[in-house]
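Please open the structure in your viewer and keep the selection tool at hand. The tour below goes from stop to stop, saying what to select and what is found there.

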Amino acid sequence: MSETSALAPSRDELNSLLDSSFDSFLDELKTLVAIPSVSSDPAHQEDLTRSAAHVCERFASLGFDAEVLRVTTPEGVEGKPAIVATSPKVEGAPTVLLYAHHDVQPTGDVSRWASDPFVAEVRGDRIYGRGTSDDGAGVIVHFGAMSLLKDRLPVNVVVFIEGEEEIGSPSFTTFLETHKDKLKADVIVVADSDNWKVGEPAVTSTLRGNSVCTVDLTVADHAVHSGMFGGPMLDSVTCAAMLISSLYDEKGDLVVEGLGGSDKADVDWPEDEFRAAAGLLDGVQLAGSGDLAARVWTKPSVSVIGFDACPVSNSSNTIAPHTRFRLSMRVVPGKDPVEAMDRLIEHLESHAPFGAHLEITRNEAGNGYQADMDSPVTKLLHEALSDAWGVKSVNIGVGGSIPFITDFQRLFPHAQVVVTGVEDPLTNAHSEDESQSIPDLRAAILAEALLLTRLPQL
C-alpha cells in the first residue's frame, strides 16, 4: 500500500464526514440553482459569469488553485466562462480530471412548473429546480467529494467545470488545446450522465452521437388559392409530412439504410416504467422493434425538433409553398455522425414527394461514446458505486449525447475516461420540474470520494 493511500480516510470515516456535511452540500446546490446560468440566452450572460465566479470561489475555499478562464476559437467564437481548479500537489500520485458544467437549459414555459425554476424546492426525497440535476448535481458531487478529502487527498485532482455544455460546447476543443498542460490527467471522470433507476447506480457504457439538419421544402414560388389549385397541387406541409413519414416502416423502425444499430441490451427496461418516465398518454403505442433499452441506447432515432408552417391563427385558404423543419438524429455509438447524416440526406433527397424541391443544411454533428468496460478504472468505479449505494451497479447505455468526450480521448489518449452521473428516469432534465434524488446525490458524493481514495492502489 502506498503512503498516499494509507493516509486516505476509510469508507466509514467518509460516511461519517458526509453525515455531518451533506446538508451544507444541499444548500450549495440551492445556491447554484438560484443563479439562472442559461448559456443560450444573451439576457443571462451576467448570470453565467456570476455562476462561474461562485463555483470558482467554492473550490478556492478548499485550498484549490482555482481560476475562471475563457478562450476564443480560431473562427472567432468567444467561449463561455469555465472553471479550472487544481489541488495541492501529491508527488508520485496519479492525476484525475473531474468534469461537470455550470450552465443550464432555459426554463421553457414557466407556467408548466410546479414551483419557481430558480428557487430550489425539496419535496419528499427530491429537490426541484432548473439545474438541480443537469448539471448542478455534478458540480456538487465534485465539490462534496473534494470537501470530504480536502486534507487527505491521495491523488492530484483537476476540476474542470465548463459553462457552455448546453449549447454544444462550441469552444471546448480550443479550450482543451489551449490549456492542455493544466488539464492533462491519467483518469477523467465525467459526471453528466444517468443512473439506471432511483437507488440503482450505473456506469455509462455507451452514448449515442447526434447529427442535426434543417430541411427547406418548396413546391411553388408563391402561395395560391386552395380552391383554384388544390387537388393536383399538394401544399408543402403535406409534402413535408409525407417525407418525414417515409423515414419509418409500419413498426416505427427507421428505414434509412446504413445507420447500423443493435436490437439487444444488457438490461430489461419495463415498458410501464418507460411510459411513466416519458409521460406517455394511455393508448399511445411504443414504436420500433428490439429490446426497449436498445431502442433508446444502441439504435438510431430521428426526431422532428422544429417545424415552421403558417399558424392556425393566421391561416387562409391558400396552398403553402414552403415549409421548413429540423431533424435531430441520434447516431449509433461508434458510427461516424457525418456519415450517418450522409445516409439521412440521401434518403430525404430520394424520397422527396412529387418532385418537391429540397434544400438541406447540416447544423451540427457530435460523436457517440463507447466505454472501455475492461479498464481497471471502470472496474474500480463499479466497486465504488456499489459500496456507496449498497446495491450492485450496472452498465447502461444512454440515448443522449456528450460529444466532447471524443475530444478528451483524442487529446489525452493515455487517459482512462469513465462516465457516470446522478440523473435518473424521473429527473426530467431539459424540461419542466427538473429534479434530483437527494439520496442518490449523497451516494454519488460518497462514491466519488471512494473512487479517489482507491485509485492509488491500481
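In which helix do Arg50 and Asp47 both lie, and how many residues apart are they? Both lie in helix α3, which covers residues 45-60, and they are 3 residues apart, about one turn of the helix. Before you go further, note that this is a predicted model, in which local features need pLDDT of at least 70 and side-chain atom pairs count only at pLDDT 80 or more, while totals for chains, interfaces and linings use all residues. Residues are numbered from 1 along each chain as its sequence is written, and side-chain values use heavy atoms, with hydrogens and water left out. The helices (H or I, at least four residues) and strands (E, at least two) named here are DSSP runs, numbered from the N terminus.

**First stop: charged pairs**

Side chains of opposite charge can pair when their charged atoms come close. Select Arg50 and Asp47, which form a salt bridge whose closest N and O atoms are 2.9 Å apart; a salt bridge here is a side-chain nitrogen of Lys or Arg within 4 Å of a carboxyl oxygen of Asp or Glu. Arg50 is partly exposed, with a relative accessible area of 41%, whereas Asp47 is buried, with a relative accessible area of 14%. In these terms, buried means under 20% relative accessible area, exposed means over 50%, and partly exposed lies in between (1.4 Å probe, protein chains only).

Next, select Glu78 and Arg70, a salt bridge in which the closest N and O atoms are 4.0 Å apart. Glu78 counts as exposed at 54% relative accessibility, and Arg70 counts as partly exposed at 41%.

Then move to Lys299 and Asp263, whose salt bridge has its closest N and O atoms 2.9 Å apart. Lys299 lies in the loop between α10 (292-297) and β11, and Asp263 in the loop between α8 and α9 (271-278), so this pair ties together parts that are 36 residues apart in sequence. Lys299 counts as buried at 12% relative accessibility, while Asp263, at 37%, counts as partly exposed. You can also select Glu28, Glu57 and Arg58, which are joined into one network by salt bridges that share partners. A search of the whole structure finds 21 salt bridges.

**Second stop: helices around α3**

Two packed helices are described by the angle between their axes and the distance between the axes. Select α3 together with helix α4 (residues 136-149): they pack at an angle of about 15 degrees, with their axes 10 Å apart. Axes are lines fitted to C-alpha atoms, for helices over the stretch in contact, and angles run from 0 to 180 degrees between N-to-C directions. That makes α3 roughly parallel to α4, as angles under 35 degrees count as roughly parallel, over 145 as roughly antiparallel, 65 to 115 as roughly perpendicular and the rest as oblique. The contact (heavy atoms within 4.5 Å) is made by Val55, Arg58 and Phe59 of α3 and by Val139, His142, Phe143 and Met146 of α4.

Now replace α4 with helix α2 (residues 11-33), which packs on α3 at an angle of about 160 degrees, with the axes 10 Å apart. These two helices, α2 and α3, are therefore roughly antiparallel to each other. Their contact is made by Glu28, Thr31 and Leu32 of α2 and by His54, Val55 and Arg58 of α3.

**Third stop: a covered strand**

Select strand β3 (residues 95-101), where 7 of its 7 residues are buried. Thr95, Leu97, Tyr99 and His101 lie on one side, and Val96, Leu98 and Ala100 on the other. Strand β3 runs parallel to strand β6 (residues 156-162), to which 7 bridges join it; two strands pair if DSSP finds at least two bridges between them. In this pairing, Leu98 stands opposite Val159 of β6.

**Last stop: an open sheet**

Finally, select β11, β13, β9 and β14, the 4 strands that form an open sheet in that order, with antiparallel pairing. The strands β11 (301-308) and β14 (357-366) stand at the edges with a single partner strand each, so one side of each is left without a neighbour in the sheet. Add helix α8 (residues 236-245), which packs on the sheet and touches β9, β11, β13 and β14.
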